[in-house]
Amino acid sequence: MNRGILFFAVTAAFVFTMYATMASAKKPQYVGNQGCKCHKPELDEWEKSPHGKAFETLVAKNRSRDENKAMRDAKLDIKKDYDKDDKCLPCHTVGYGKPGGYEDDKSAKDLVGVGCEMCHGPGSEYRNLHKEKEETFTRAEAKAMGAVSGKEDKAVCMQCHDHKDSPFNSKLDKKYMFNHEEMIKLEKAWHKVLPLKFKH
Ligand code: HEC
Ligand code: HEC
Ligand code: HEC
């Protein structure tokens, strides 16, 4: 092989690899609810919360009487399981329709419900940062890795609440109106506020 061509090929391969590495570093992937289990107390609280049970709600046998009433009001079939319905999954699972997000029963176990990553952002890069720097990373670094805050940014909650695609929005009933300032104060809205071991 001509030296010029060889040099070109090696350089191109190098640039490509660098680019691929950078691109993958920039694109956070979903790690699932158990992927966030370093935060065990939050995970335990979340599992008991409405968000933690949001997938179960799609299955007929799990619905309460009140939920069935709400279903009827929204003209939904109370006898039907909606756990495979793409009209419902975007707001009752993690990352439905996005790369690495909820797809089918195979990935179901760990990407069901309104998981951590629906409010905190896809976790892979953040988790790497956590591993690399342990407790010393800053909030700005976490943000750069895709971390978001549903407290600071109400758009995080509004991707589902009082959304035009939700059967349970304020058009159906005013009680579904979403006042972010009020809602964020409710503990059942997310999980108990627990003190962190380290300051970021
Ligand atoms: C991915 C969609 C999604 C996001 C994001 C989301 N929620 Fe929810 N939320 C739901 C679903 C679905 C339910 C109903 C769960 C069930 O009953 O099965 C719910 C339930 C709730 C409830 C309980 C309502 C009740 O009457 O019991 C509160 C409060 C709430 N969310 C607040 C919030 C807040 C605050 C945020 C942002 C920090 C937020 N949610 C983000 C989908 C979402
Ligand atoms: C755009 C997001 C979104 C979509 C799509 C969506 N939901 Fe939900 N769902 C929510 C939110 C948010 C709540 C919580 C509402 C509240 O309590 O304020 C909820 C609540 C519920 C509840 C409890 C209602 C109650 O008042 O107790 C049921 C049952 C439910 N959803 C079933 C479904 C079904 C079935 C589908 C598909 C046909 C669906 N959802 C599609 C966001 C969505
Ligand atoms: C419905 C939205 C929602 C879900 C789901 C959720 N969180 Fe949170 N979480 C919040 C909000 C809001 C805060 C307040 C601080 C903020 O937004 O920066 C918070 C704070 C935290 C904090 C403290 C961070 C800090 O800056 O002090 C940790 C740790 C945490 N969540 C972990 C988790 C884990 C682990 C899960 C899943 C098992 C989870 N969260 C699920 C909304 C959510």
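**Exercise 1. The shell around ligand 2**

Determine how many residues surround ligand 2 in this predicted model, and which of them are the closest.

*Solution.* In this predicted model, the shell around ligand 2 holds 20 residues, and the closest among them are K87, C88, C91, H92 and Y176. As a next step, assign the shell to secondary structure: α3 (65–73) and α4 (89–92) are the elements that contribute two or more residues, and α3 supplies the largest share, which amounts to three residues. Sorting the shell by residue character then gives 11 nonpolar, five polar and four charged residues.

**Exercise 2. Polar contacts and the iron atom of ligand 2**

Identify which protein atom is the donor of the iron atom of ligand 2, and describe the polar side-chain atoms of H92 and Y176 relative to that ligand.

*Solution.* Begin with the metal: H92, through NE2 and at 2.3 Å, is the only protein donor of the iron atom of ligand 2, and this histidine, H92, belongs to helix α4. Then turn to the polar atoms of the ligand, where a polar side-chain atom of H92 is found 3.0 Å from a nitrogen atom of ligand 2, while a polar side-chain atom of Y176 is found 2.6 Å from one of its oxygen atoms.

**Exercise 3. The iron site of ligand 3**

Work out which residues coordinate the iron atom of ligand 3, what geometry its site has, and whether H120 and H191 are buried or partly exposed.

*Solution.* First, the coordinating residues are H120 and H191, each through NE2, at 2.0 Å. Second, the six donor atoms make angles of 86 to 179° with one another, and the site of the iron atom of ligand 3 is octahedral. Third, H120 lies in helix α6 (residues 116–120) whereas H191 lies in the segment after α10 (180–183), so the two histidines tie together parts that are 71 residues apart in sequence. Finally, compare each accessibility with the cut-off of 20% under which a residue is buried: H191 is buried because its relative accessible area is 17%, whereas H120, at 42% relative accessibility, counts as partly exposed.

**Exercise 4. The surroundings of R127**

Locate R127 in the secondary structure, classify its exposure, and find which residues it touches beyond four places away in sequence.

*Solution.* R127 is part of helix α7, which spans residues 124–133. Because its relative accessibility is 31%, R127 counts as partly exposed. Leaving aside residues up to four places away in sequence, R127 touches V31 and G35. As a last step, consider A142, which is 15 residues from R127 along the chain: the C-alpha atoms of R127 and A142 are separated by 9.1 Å.

Terms used:
Residues numbered from 1 in each chain as written. Chains lettered and ligands numbered in written order. Predicted model: local features only at pLDDT ≥ 70, side-chain atom pairs only at ≥ 80, totals over all residues. Heavy atoms only, no water. Near = heavy atom within 4 Å. Polar contact = N/O pair within 3.5 Å; in protein donor to acceptor, adjacent residues only side chain to side chain. Helix = DSSP H or I, 4+ residues; strand = E, 2+ residues; numbered from the N terminus. Nonpolar A, V, L, I, M, F, W, Y, C, P; charged D, E, K, R; others polar. Donors = N, O, S within 2.8 Å, 3.2 Å for Na, K, Ca; no water. Tetrahedral: all angles 85-135°; square planar, octahedral: opposite > 155°, others 65-115°. Buried < 20%, exposed > 50% of the residue type's maximum accessible area, 1.4 Å probe, protein only. Contact = heavy atoms within 4.5 Å.
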